[in-house]
Amino acid sequence: MSDRIRALREAARRIRLHALNMGEVQGQGYIAQALGVADILAVVYSDQLRHRPEDPEWPERDRFLLSIGHYAIALYAALAEAGVLDVEELETYGSDGSRLPMSGMASYTPGMEISGGSLGHGLGVATGMAIGLRHQRNPARVFNLLSDGELDEGSTWEAALAATHHGLDNLTAIVDVNALQADGPTAGVLRTEPVADKWRAFGWHALRVDGNDVAALVAALDELREHRGSPSVLVCDTQVGRGVPFLEAREKAHFMRVEEHEWQLAREQLEEVGA
Ligand SMILES: [Mg+2]
């Protein structure tokens, strides 16, 4: 394993640990998703994104748009790992007066580009931003992390059409296919497979990887970075609860209740498994 990959796996483990510590503050939350996307966020923030942690408003920064506002706990963990937030601030997660509300709010948190929550809007905003940056001759890239549940939204596919129409090769979508959404397994709510073929039919350059395989994520995002002429999408198959076996196995994973005594156990399992 190269030093690059080893360092990113270590970053992902710290993101998972931060997420568990934040989850303990509230006793519940979107922990399983945070554990599932930790590898993606580690690779994006520690390897792919051009940004300045000390200057989150730097005009030429690459934009990372979290349209799944309830994944905020995962992004806070990544922003702490990236040095945009202080690790100590994570203890305020979800508390009154905190800059880290339970759903992502752009006006509250440095590095949070959009307010998520009303699902299916992130890709449309990302498309508009990518057009705007191109008009400004700004070399920044735009990333949108969206969920497989957001593929149920017509607005996502309208944005996908527009991005291709405008040839936005400064736009990369990352789809977290964890096969789960609020109402149950994605396949039972509204069938979206074959996901990558659908994006290709909309004119996108699409790759699909194991979203918990850091080396595969790096290789895919390196390839997408070089692609020109159309927007790109990385479809990532992820496992909810990844890195903490008893949470991987837990049912009702969408909004997870973790008992008080289980947080320490989760940290211990994470230490053993190392994701
Ligand atoms: Mg999902």
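**Entry 1: strand β4**

I began with β4 and its surroundings. I counted 7 of the 7 residues of β4 as buried, so this strand is largely enclosed by the rest of the structure. The model is a predicted one.

I then looked at each face of β4. On one side I found Leu171, Ala173, Val175 and Val177, on the other Thr172, Ile174 and Asp176, and they are all buried, which leaves both faces covered.

Next I listed the pairing of β4. With β3 it pairs in the parallel sense over 6 bridges, and I noted Leu171 in β4 as the bridge partner of Val142. The chain gets from β3 to β4 by way of helix α5, residues 154–165, in a right-handed β-α-β crossover. With β8, β4 is joined by 6 bridges, and the two strands run parallel. In this pair I recorded Val177 opposite Asp237 of β8.

**Entry 2: the sheet**

What is the strand order of the open sheet? I read it as β2-β3-β4-β8-β7, which makes 5 strands with parallel pairing. β2 (63–66) and β7 (205–210) are the edge strands, each of them pairing on one side only. I took the turn between neighbouring strands of this sheet as an average, direction ignored, and got 20 degrees.

I went to the β2 edge. Strand β3, residues 142–147, is joined to β2 by 4 bridges, and the two run parallel. I noted Phe143 in β3 as the bridge partner of Phe64.

At the β7 edge, I found 6 bridges between β7 and β8, again in the parallel sense. Ala206 has Val233 in β8 as its bridge partner. I also traced the connection: β7, helix α8 (residues 214–226) and β8 form a β-α-β unit, and this unit is right-handed.

**Entry 3: Asp222 in α8**

I stayed with α8 and picked Asp222, which lies in this helix. Is Asp222 buried or exposed? I counted 12 C-beta neighbours inside 10 Å. A residue with 12 or fewer is exposed, so Asp222 counts as exposed.

For a distance, I took Asp222 against Asp176, which is 46 residues away along the chain; their C-alpha atoms are separated by 18 Å. Asp176 is one of the buried residues of β4.

**Entry 4: α2 and the core**

I looked at what lies over the sheet. Helix α2 lies across β2, β3, β4 (171–177) and β8 (232–237), and its direction is at about 160 degrees to that of β4.

Then I pulled up the largest nonpolar core, which has 82 residues. The residues with the most contacts inside it are Ala19, Ala34, Leu41, Ile73, Ala74 and Tyr76. Which helix gives the most to this core? I found that it is α2 (residues 31–48), with 12 residues.

I checked Leu41 further. With its neighbours within four places in sequence left aside, Leu41 is in contact with Ile15, Ala74, Leu75 and Ala78.

**Entry 5: backbone checks**

I looked through the loops for backbone angles to note. Glu193 and Pro194 are joined by a cis peptide bond, with omega about 0 degrees. I located Pro194 in the loop between α6 (186–189) and α7 (195–201).

Arg137 is not a glycine, yet its phi is positive, near 55 degrees. I placed Arg137 in the loop between α4 (122–135) and β3. I found 6 other C-beta atoms within 10 Å of Arg137, and therefore put it down as exposed.

Ala179 has a positive phi as well, near 65 degrees. This residue sits in the loop between β4 and β5 (180–181). For Ala179 I counted 16 C-beta neighbours inside 10 Å, so I entered it as partly exposed.

**Entry 6: the whole chain**

I closed with totals. The secondary structure comes to 10 helices and 9 strands. Buried residues account for 48% of the 275 residues. Of the contacts with a separation of 6 or more, 75% are between residues 24 or more positions apart.

For the overall extent, I took a box along the principal axes; the C-alpha atoms fill roughly 50 × 45 × 40 Å. I compared the radius of gyration with the rule for a compact globule: 275 residues would give a value near 19 Å, and the protein has 17 Å, so the two agree.

Technical notes
Residues numbered from 1 in each chain as written. Predicted model: local features only at pLDDT ≥ 70, side-chain atom pairs only at ≥ 80, totals over all residues. Core = buried A, V, L, I, M, F, W, Y, C linked by C-beta atoms within 7 Å. Buried ≥ 20, exposed ≤ 12 C-beta atoms within 10 Å, placed from the backbone. Contact = placed C-beta atoms within 7 Å. Pairing = 2+ DSSP bridges. Axes fitted to C-alpha atoms, helices over the stretch in contact; angles between N-to-C directions. Rg over C-alpha atoms; globule rule 2.2 N^0.38 Å. Right-handed = clockwise from strand over helix to strand, strands pointing away.
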